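Biologist: Please select one part of this model for a close look. I should like a connected account of that part and of what lies along the chain around it.

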Amino acid sequence: AVVSTQSTGTVANKLKCAVVCKGAVDKVCCKETLTACSEVGSSRRVGGQGDILAGAMGIFSFWAKNAEPNLQGTPYQTVAAAAASAVVKRANALTFTRQGRSMITSDMVETLPRAFIEVMEVPKKK
């Protein structure tokens, strides 16, 4: 089923939460904010990948909530969901490059630290 941006926003507003629509481009809707995560994953989706995303959203929510004064009005839920989406998609791509179509969820877990660094680390100034 195709989910429209308008219906996603309606659900997010009624439930007072962030709604994430997973796809080639993940969409995150929270309050009046719609954010797209265009990080490229792979053509292989493994069972349990949504569980990894949910766990990542939990920890990113904690971090983003604590950083909320620095988010310049962007809902912390939006920041958390977009960050989690990008890291999990990067982990998926890294794992697929290494394992190919034989990859399983635990293979993705092994690439999460590298994916986190690649997506989230700010390059050091020289």
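Modeller: Lys16 is a convenient point of entry: at 72% relative accessibility, Lys16 counts as exposed (over 50% relative accessible area; buried is under 20% and partly exposed lies in between, with a 1.4 Å probe and protein chains only). This is a predicted model, in which local features need pLDDT of at least 70 and side-chain atom pairs count only at pLDDT 80 or more, while totals for chains, interfaces and linings use all residues. Residues are numbered from 1 along each chain as its sequence is written, and side-chain values use heavy atoms, with hydrogens and water left out.

Lys16 belongs to the loop that links helix 1 (5–15) with strand 1; helices (H or I, at least four residues) and strands (E, at least two) are DSSP runs numbered from the N terminus. The phi of Lys16 is near 55°, a positive value in a residue other than glycine. Most residues other than glycine have a negative phi. Gln72 also has a positive phi, near 50°. Gln72 sits in the loop between helix 2 (49–66) and helix 3 (76–99) and is exposed, with a relative accessible area of 77%.

Beyond Lys16 comes the sheet. Its 3 strands form an open sheet in the order 1-2-3, with antiparallel pairing (two strands pair if DSSP finds at least two bridges between them). Strand 1 (18–21) and strand 3 (33–37) are at the edges with a single partner strand each, so one side of each has no neighbour in the sheet. From one strand to the next the twist averages 15°, using axes fitted as lines to C-alpha atoms and angles from 0 to 180 degrees between N-to-C directions.

Strand 1 is joined to strand 2 (residues 26–30) by 4 bridges, the two running antiparallel, and a hairpin of 4 residues connects them. Within strand 2, Cys30 is the bridge partner of Ala18 and Cys29 that of Val19. The covered face of strand 1 carries Val19 and Cys21, whereas Ala18 and Val20 make up the uncovered face.

The cysteines here deserve attention. A search of the whole structure finds 0 disulfides (pairs of cysteine sulfur atoms within 2.5 Å). The sulfur of Cys17 has its closest cysteine sulfur in Cys30, 7.4 Å away, which is too far for a bond. Cys17 is partly exposed, at 24% relative accessibility, whereas Cys30 is buried, at 2%.

Helix 4 may be set beside this region. Its 16 residues (105–120) should span 22 Å at 1.5 Å a residue, and the end C-alpha atoms are 21 Å apart, which agrees; the expected span is 1.5 Å times one less than the number of residues. A kink of about 45° lies at Thr111, shortly before the proline Pro113, the bend being the angle between axes fitted to the seven residues ending there and the seven starting there. Thr111 is also among the buried residues of helix 4, together with Asp107, Met108 and Ala115. An α-helix has 3.6 residues a turn, so residues three or four places apart point the same way. The cover over the buried residues of helix 4 includes helix 2 and helix 3, contact meaning heavy atoms within 4.5 Å.
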